[in-house]
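Could you walk me through this structure in my viewer, one selection at a time? I would like to know what to click on next and what I will find there.

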Amino acid sequence: MVKEFLYRGIPKEDLDSMSLEKLFLLFNSRQRRSLTRGITDGKRKLIEEIKAAKAGKVKNPIKTHVRDLIVLPYMVGVTVNVFSGKEFRPVSITAEMIGHYLGEYVITNKRVSHGAPGVGASRSSLYVPLK
């Protein structure tokens, strides 16, 4: 049996039917403040693309640089390609992501793997013959 997802004790179906004002009261203060201050043009465009994708009107994958969009319940089930600073990484939005930012799921740096030290890496390696 799969465990049913509850956001602060409320099932996903009730979150879908809830008004935005009541939904904002469930979010943390940072998310509440961000949403009540208004939505920028870039965020509005992405929201429209997500709604079109849910309706089945968009065939191309959604690509965005907007990392500070808060995931809302109607976005669940859509895959968005979020820019990591170098490439677009796909993010499948699930119910557990509600209330979080899109950028939290795409890291912007990668692990450093250093190679072997070369000539001039230390003082003693200056005197090592090259052949």
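Start by selecting glycine 56, which comes just after helix 4 and takes a positive phi of about 90°. Keep in mind as you go that this is a predicted model.

Now step back and select helix 4 itself, residues 41–55. Its 15 residues should span 21 Å at 1.5 Å a residue, and the C-alpha atoms at its ends are indeed 21 Å apart, so the two values agree. Colour Lys43, Leu46, Ile47, Ile50 and Ala52: these are the buried residues of helix 4. An α-helix has 3.6 residues a turn, so residues three or four places apart point the same way. What covers the buried residues of helix 4? Show helix 3, strand 3 and strand 4, which are included in that cover. Helix 4 lies across strand 3 and strand 4, and it runs at about 165° to strand 3.

While you are at this helix, display the side chain of lysine 51 together with tyrosine 74. The charged end of lysine 51 sits over the ring of tyrosine 74, at 5.2 Å from the ring centre.

Next, bring up the sheet. It is an open sheet of three strands in the order 3-4-5, with mixed pairing. Strand 3 (62–64) and strand 5 (88–92) are at the edges with a single partner strand each, so one side of each has no neighbour in the sheet. Look along the sheet and you can follow its turn: neighbouring strands are rotated against each other by 30° on average, direction ignored.

Zoom in on strand 4 (residues 79–83) and strand 5, which pair in the antiparallel sense over five bridges. Pick valine 82 and you will find its bridge partner, arginine 89, in strand 5. Then pick phenylalanine 83, which stands opposite phenylalanine 88 in strand 5.

Stay in strand 4 and select asparagine 81. Is asparagine 81 buried or exposed? Its relative accessibility is 13%, so asparagine 81 counts as buried. Leaving aside neighbours within four places in sequence, asparagine 81 is in contact with Pro61, Ile62, Lys63, Thr64, Phe88, Arg89 and Pro90.

Follow the chain out of strand 4 into the hairpin that it forms with strand 5, where four residues lie between the two strands. Glycine 85, in the turn, has a positive phi of about 105°. Serine 84 also belongs to the loop between strand 4 and strand 5, and with a relative accessible area of 8% serine 84 is buried. Beyond its neighbours within four places in sequence, serine 84 is in contact with Arg67, Arg89, Val106, Ile107 and Thr108.

Now for the aromatic rings. The count comes to two aromatic pairs. Select tyrosine 7 and phenylalanine 27 to see an edge-to-face pair, 5.9 Å centre to centre with 75° between the planes. Tyrosine 7 is in strand 1 (residues 6–7), while phenylalanine 27 is in the loop between helix 2 (20–26) and helix 3 (29–36), so the pair ties together parts that are 20 residues apart in sequence. Both tyrosine 7 and phenylalanine 27 are buried. Then return to phenylalanine 83 and phenylalanine 88: their ring centres are 4.9 Å apart and their planes stand at 55°, so this pair is tilted. Phenylalanine 83 counts as partly exposed at 22% relative accessibility, and phenylalanine 88 counts as partly exposed at 29%.

Move on to arginine 8, in the loop between strand 1 and strand 2 (10–11). What is the phi of arginine 8? Its value is near 55°, which is positive in a residue other than glycine. For background, most residues other than glycine have a negative phi.

For the last stop, select phenylalanine 5, in the segment before strand 1. Add isoleucine 98, which is 93 residues away along the chain; the C-alpha atoms of phenylalanine 5 and isoleucine 98 are separated by 11 Å. Display the contacts of phenylalanine 5, leaving aside neighbours within four places in sequence, and you should find Ile10, Pro11, Lys12, Ala95, Glu96 and Ile98.

Note on methods
Residues numbered from 1 in each chain as written. Predicted model: local features only at pLDDT ≥ 70, side-chain atom pairs only at ≥ 80, totals over all residues. Heavy atoms only, no water. Phe/Tyr/Trp six-rings, centres within 6.5 Å; stacked < 30°, edge-to-face > 60°. Buried < 20%, exposed > 50% of the residue type's maximum accessible area, 1.4 Å probe, protein only. Lys NZ or Arg CZ within 6 Å of the ring centre and 35° of its normal. Pairing = 2+ DSSP bridges. Axes fitted to C-alpha atoms, helices over the stretch in contact; angles between N-to-C directions. Contact = heavy atoms within 4.5 Å. Expected span 1.5 Å × (residues − 1).
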